[in-house]
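This report goes through one protein model, from single residues to helices and then to the chain as a whole. The sequence and structure come next.

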Amino acid sequence: MYTSNLAPISELYVSYESAQKLKIEAANLISWDLTPRQICDLELLMNGGFNPLKGFLSEEDYDGVVENMRTADGALWPIPINLDVSEKFAETLELGQDIALRDQEGVILATMTVTDRWEPNKAREAEKVFGADDDAHPAVNYLHNQAGKIYLGGPVTGIQQPVHYDFRGRRDTPNELRAYFRKLGWRKVVAFQTRNPLHRAHQELTFRAAKEAQANLLIHPVVGLTKPGDVDHFTRVRCYEAVLDKYPAATTTMSLLNLAMRMAGPREAVWHGLIRANHGCTHFIVGRDHAGPGKNSAGEDFYGPYDAQELFAAHQEEMGIEMVDFKHMVWVAERAQYEPADEIEEGVTVLNISGTELRRRLAEGLEIPEWFSFPEVVTELRKTRPPRAKQGFTVFFTGFSGSGKSTIANALMVKLMEMGGRPVTLLDGDIVRKNLSSELGFSKEHRDLNIRRIGYVASEITKNGGIAICAPIAPYATTRRAVREDVEQFGAFIEVHVATSIEECEKRDRKGLYKLAREGKIKEFTGISDPYDVPVSPELRIETEGTDVDNCAHQVLLKLESLGLIAD
Ligand code: PPS
């Protein structure tokens with residue numbers, strides 16, 4: 001039943017000659033600059049990975065997909081693939097018009113005839129496709145907070161593939177993989193989908209799955225967009241390369257898939273299966289909580305642990321790809337080997353390390369045993385996730401003018417420099433306003449811009465393993481939260497509220513500004529004639545009244561130590 005015929009699948013590309021012509025003509029069209037997610041979707045539309053789709057979904061197809069996982073002509077398709085755009089852009093278009101689709105550098109990848117334009121009911125999409133209208137789900141969050149308000153639908157004409165400079169030799173279109181399988185005589189292929197580094201248990205389970213299905217194995221990791229917070233794909237691919245050597249030669253291959261995952265659990269599993277069938281695979285490994293997004297805002301799982309397997313099993317015949325059960329493998333100490341957890345007798349010593357425990361061991365620089373992972377993989381992970389005491393971080397002081405932020409920040413900087421190990425940069429409010437933000441005033445818009453600039457620099461410093469100490473007033477909570485998000489992609493963010501009261505600051509009036517503010521000579525002065533959102537849950541709150549600077553700086557150091565950011 002599940003033997004692929006491996007005939008070429010239809011793509012949306014025109015011939016090379018036509019593409020050259022079309023590219024010149026398309027330069028005159030109105031164009032849409034694709035988002036990173038749309039580039040991933042477009043690549044798989046054009047190369048047949050999303051077969052049978054021929055373009056971004058029309059409104060009728062979208063309704064069918066959302067309601068019952070089927071396009072208007074009845075084809076099984078579980079995830080809406082839409083060109084979401086801004087209202088402003090949508091208004092410039094006539095139905096029937098061709099538009100050019102460009103990558104982020106402006107290269108024209110395709111044209112699309114806009115046949116449909118509508119404002120989707122995003123709450124319904126969230127409920128039906130992702131199971132709940134809850135922003136804790138990354139795709140629902142994306143839908144409400146990042147995706148454009150209007151959807152466009154219509155057929156796509158492919159001009160060229162998106163350009164990738166990384167791991168070019170490891171990226172294959174469905175037809176390239178089909179040709180490879182044909183050439184090697186691989187008639188049965190089990191695909192393994194992953195967005196995580198592989199450890200020994202994965203190597204064992206994939207190898208067993210292939211053996212059970214009497215098939216070859218395709219490790220097919222996603223390198224497009226995965227779950228926020230995942231290990232970056234550069235690191236993962238280096239890890240996969242190392243694991244690939246552990247399989248018996250000629251049984252296994254690896255190819256990278258530029259998919260933008262949605263973490264849609266059961267529907268995502270069916271989608272993954274269809275994509276793998278398009279890539280010439282006959283079997284697909286589906287595990288417990290496949291493509292699960294984690295917990296919802298009430299702290300519960302979005303999907304049941306076996307929902308994905310059930311939905312997949314119900315549709316596998318139609319998809320033409322058979323599900324292979326993901327065996328939970330554990331290390332049996334007595335026999336020094338991996339075995340499926342459900343086949344082990346009572347009384348033996350079973351060892352396992354969870355994802356959370358692995359992250360803890362990496363963060364604290366602790367041992368990761370060889371029975372758990374391959375040394376090459378651990379080395380790669382340690383390079384990307386050095387122990388916390390070696391990672392960059394940002395200390396973000398906030399408080400009124402004259403609260404003591406700069407003085408404490410300076411003392412902290414000196415203490416950290418005395419300890420050594422990481423470069424330290426002080427982004428003091430006044431210094432930044434002289435160097436980075438000299439043209440800005442104190443309106444909300446300008447203050448936000450100023451803080452976002454500080455956040456950008458701090459996140460770059462954090463990314464590169466340094467310590468950024470910021471000391472602006474930063475009066476708006478939403479802006480502080482945005483900076484936190486920028487920084488936390490790369491390292492810890494420690495918000496320190498210097499909680500000196502406005503009365504005390506005014507009494508000290510070190511720069512004489514409060515007097516001027518009271519006299520109305522300085523407008524929009526924080527705490528006098530402009531707002532300050534008191535931080536609700538900063539990592540640390542410092543009361544400066546009656547405490548000397550040295551002690552305040554020491555409180556921050558203790559906090560950093562307790563978070564493992566500086567070694568004791
Ligand atoms: S903000 O809101 O975070 O962008 O402000 P910041 O960049 O930290 O700049 C604050 C310093 O500018 C001086 N100053 C004022 N502060 C607040 N409101 C008004 N209108 C204002 N005008 C000038 C003041 O000296 C602040 O310095 P610090 O170091 O906070 O005392």
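Ala-291 is buried, at a relative accessible area of 11%; buried stands for under 20% relative accessible area, exposed for over 50%, and partly exposed for what is in between, with a 1.4 Å probe and protein chains only. Ala-291 is found in the loop between β11 and α11, and its phi is positive, about 50°, although the residue is not a glycine. Helices (H or I, at least four residues) and strands (E, at least two) are DSSP runs, numbered from the N terminus.

The model is predicted: local features need pLDDT of at least 70 and side-chain atom pairs count only at pLDDT 80 or more, while totals for chains, interfaces and linings use all residues. Residues are numbered from 1 along each chain as its sequence is written, and side-chain values use heavy atoms, leaving out hydrogens and water.

**Backbone features in loops**

Ala-474 also has a positive phi, of about 45°, without being a glycine. Its loop runs between β18 (467-471) and α17, and Ala-474 is buried because its relative accessibility is 2%. Another backbone feature is the cis peptide bond that joins Asn-51 and Pro-52, where omega is about 15°. Pro-52 sits in the loop between α2 (36-46) and β2 (55-56).

**Helices α11 and α17**

Helix α11 covers residues 307-319; its 13 residues should span 18 Å at 1.5 Å a residue, and the end C-alpha atoms are 17 Å apart, which agrees. The expected span is 1.5 Å times one less than the number of residues in the helix. There is nevertheless a kink of about 35° in α11, centred on Ala-313. The bend at a residue is the angle between axes fitted to the seven residues ending there and the seven starting there. Just after α11 comes Gly-320, with a positive phi of about 75°.

The buried residues of α11 are Ala-308, Gln-309, Phe-312, His-315, Gln-316 and Met-319. Their cover includes α10 (265-278), β11 (283-286) and β12 (322-325). Contact is counted when heavy atoms are within 4.5 Å.

Helix α17 (residues 477-488) has 12 residues, and its first and last C-alpha atoms are 16 Å apart, close to the 16 Å expected at 1.5 Å a residue. Its buried residues include charged as well as other side chains: Arg-480, Arg-484 and Asp-486 are among them, along with Thr-479, Ala-482, Val-483 and Val-487. Lys and Arg count as positive and Asp and Glu as negative, while His and the chain ends are not counted. Among the elements that cover the buried residues of α17 are β16 (393-398), α16 (444-463) and β19 (492-498).

**Three residues compared**

The table sets out the burial of one strand residue and two loop residues.

| Residue | Place | Relative accessibility | Class |
|---|---|---|---|
| Val-498 | strand β19 | 0% | buried |
| Leu-366 | loop between α12 (355-363) and α13 (375-384) | 33% | partly exposed |
| Asp-73 | loop between α3 (59-68) and β3 (83-85) | 69% | exposed |

Leaving out residues up to four places away in sequence, Val-498 touches Phe-397, Thr-398, Gly-399, Ser-403, Gly-404, Lys-405, Ile-408, Ile-542 and Thr-544. With the same neighbours left out, Leu-366 touches Arg-360, Arg-361 and Arg-382.

Distances between C-alpha atoms add to this. Val-498 and Ile-473 are 25 residues apart in sequence and 9.7 Å apart in space. For Leu-366 and Pro-387, 21 residues apart along the chain, the separation is 8.5 Å. Asp-73 and Ser-354 are 281 residues apart in sequence and 44 Å apart in space.

**The chain as a whole**

The protein chain holds 20 helices and 20 strands. Its C-alpha trace spans about 85 × 70 × 40 Å along the principal axes. Of the 568 residues, 53% are buried. Where contacts join residues at least 6 apart in sequence, 73% of them join residues at least 24 apart.

The accessible surface comes to about 25500 Å², and carbon and sulfur atoms account for 49% of that; the areas come from the Shrake-Rupley method with a 1.4 Å probe, and for residues only the protein chains shown count as cover. There are 66 positive and 83 negative side chains, and the centres of the two sets lie 4 Å apart. Each charge is placed at NZ of Lys, CZ of Arg, CG of Asp or CD of Glu.
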